[in-house]
Amino acid sequence: MSAMDAGFFFAEGETTPMHVGSVAVFDGPAPSYGDVVRLLLGKLPEVPRYRQRAMRVPLDLGRPVWVDDPHFQILYHVRHTAVPRPGSDEQLRNLAGRVLGQRLDLSKPLWELWLVEGLAEGRWAMINKVHHAMVDGVAGTDLMQLVFDLDPAATHPEPQPWDPQEPPSPAAVAVEALTDAVARPVRRFAGVARAAASLPGWSGAGALARQAGVLGGAAANVGRQLVTPAASSLNGRLGPHRRWAWTHTTVDEVRRVRRALGGSMNDVVVTAVAAGLRDLLAARGELTQGLLVRTMVPVSIRRPTERGTLNNQISAVFVDLPVAEPDATARLASVRSQMDANKRALSAYDPRAVTGAADLVPAPLLAAAVRTLLRSGQPWVQAVTTNVPGPPIPLFVLGRHLRSLYPYVPLGSGVRFSIGIFSYEGVVSFGVTADFDAVPDIDVLVDGIARGVTELVAAAEPVLTV
């Protein structure tokens, strides 16, 4: 595993299940359980990781390694359930909240897929869970090719025999880990030097000074955020259970706001999230003048040539959501300004070199640091907001049309809210994960996000009609 992948693996705990996921809703009729199993068995050769388990190195002397699971049984990973007919959206959300809140078995390949029958109008659903150690959001989107087709009449390969490789012995893994720990720093420093030399304007005698200037500016910004008051009342201890809900808007509405008020589509949806958090704090009597909610926004650093690879390739930026600002246009301007500054900082240096510096951290120290950070609380960040663009064209599974797809993002480090945003076939979906005990009012947040979109559209109309 890379250091980032291993970090997500080490972060797993009783109250911090670290899988990402989704709920996909399809037109009926539902396929049989056997048809779904055969579909997956035929596609598994395209993603060998799905038949591998994470093998830990003795005493965590090195990062875990992926090895074939000789006891792999697909019937364990593909589950079958139903809601009482005719199942409502609320029933599906409640079921998904329970399923997505349950930890994956770390001794087996780190994924599950649930076939859900009984939805209204003859529809059915799939709940998908994949550990964050396997994929990031963009790689997870690429994995849709495992089960999704562009043509409803597509044919699928027949299941083939599989001969797992014998896993290495614990002693062999430990020796390899120690050898890698010695060689890795040399490779990493060489890679950083090459990356810096390849950036425009960063070669020559002034390169080091310019890089120090950029990093110094970024550090100053982080320092300002550290002393800026934020809604720390939203942070706290996490329980073992999750609430999960969704809302949605259209790509056309987001584009209308973007054309009229400026910014990117990501700026618009993040601003809608700010409205939802504003409503939540107001309903709790905690909205005060100048209050901010700091959200982490993951940023993909995956190159086009790396699409389809299953490891994590992400960095992160932080945005102070101006929840105390009553004007939607001003909130968007603030988010846009911060995101523009973050983009300039990311373009000025190679974020892969910075995130890759974690490869230099010894595995025992990495494991201890991650467990301390993600299983304990902190008052600095209150939410995670991640936006993954999906395909604008229709997708199918076994000839059934995918109607909607809602993302699930895990919680950790005392952050009780995460918002995954996914676009598909003209619809932008918001999947909201929250701690079950701490956020009984999740509907206030979800309804507030929808209201935030409506508010931005209303602000855009006068500009578009001029």
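Which residues of helix α2 (residues 33–43) are buried? Here are my notes, starting with that one; please keep in mind that this is a predicted model.

1. **Helix α2.** The buried residues are Val36, Val37, Leu39, Leu40, Gly42 and Lys43. If you would like to see what they pack against, look at α3 (74–77), β4 (78–87), β5 (111–119) and β11 (396–397). Note that a lysine, Lys43, is in the buried list alongside residues such as Val36 and Leu39.

2. **Salt bridges overall.** The count for this model comes to 18 salt bridges. Side chains of opposite charge can pair when their charged atoms come close. Three of the pairs are taken up in the next points.

3. **Asp27 and Arg403.** These two side chains form a salt bridge with an N to O distance of 2.9 Å. Asp27 sits in the loop between β1 (19–26) and α2, while Arg403 belongs to strand β12, so the pair ties together parts that are 376 residues apart in sequence. Asp27 is buried, because its relative accessible area of 19% falls under the 20% cut-off. Arg403, on the other hand, is partly exposed at 41%.

4. **Arg331 and Glu455.** Here the salt bridge has an N to O distance of 2.6 Å. The partners come from distant parts of the chain: Arg331 is in helix α10 (residues 328–348) and Glu455 in helix α13 (residues 442–464), with their positions 124 residues apart. Where Arg331 is buried, with a relative accessible area of 1%, Glu455 is partly exposed at 24%.

5. **Asp340 and Arg336.** This salt bridge, at 3.9 Å from N to O, lies within one helix. The two residues are 4 apart in helix α10, so about one helical turn separates them. Both ends are partly exposed: Asp340 has a relative accessible area of 27%, and Arg336 has 36%.

6. **A shared network.** Which residues are joined into one network by salt bridges that share partners? They are Asp27, Glu121, Arg123 and Arg403. The Asp27 and Arg403 pair from point 3 is therefore worth viewing together with Glu121 and Arg123.

7. **Positive patch.** Arg255, Arg258, Arg259 and Lys343 gather on the surface as a patch of positive charge. Helix α8 (residues 251–261) gives the largest share, 3 residues. One of the patch members, Arg255, is found in helix α8 and is partly exposed, with a relative accessible area of 47%. That value is over the 30% required of patch residues, so Arg255 meets the accessibility condition.

8. **Nonpolar patch.** The surface also carries a nonpolar patch made of Leu59, Leu61 and Leu178, with about 310 Å² of accessible area together. Leu61 is located in the loop between β2 (52–55) and β3 (65–68). Is Leu61 buried or partly exposed? It is partly exposed, at 33% relative accessible area.

9. **Gly412.** Last, a glycine in a loop: Gly412 lies between β12 (400–408) and β13 (417–424). Gly412 is buried, with a relative accessible area of 13%. Gly412 and Gly377 are separated by 35 residues in sequence and by 8.4 Å in space, C-alpha to C-alpha.

Definitions and conventions: Residues numbered from 1 in each chain as written. Predicted model: local features only at pLDDT ≥ 70, side-chain atom pairs only at ≥ 80, totals over all residues. Heavy atoms only, no water. Patch = residues over 30% accessible without salt bridge, like charges linked within 9 Å, V, L, I, M, F, W, Y side chains within 5 Å. Areas by Shrake-Rupley, 256 points an atom, 1.4 Å probe, with all protein chains shown as cover. Salt bridge = Lys/Arg side-chain N within 4 Å of Asp/Glu carboxyl O. Lys, Arg positive; Asp, Glu negative; His and termini not counted. Charge placed at Lys NZ, Arg CZ, Asp CG, Glu CD. Buried < 20%, exposed > 50% of the residue type's maximum accessible area, 1.4 Å probe, protein only. Contact = heavy atoms within 4.5 Å.
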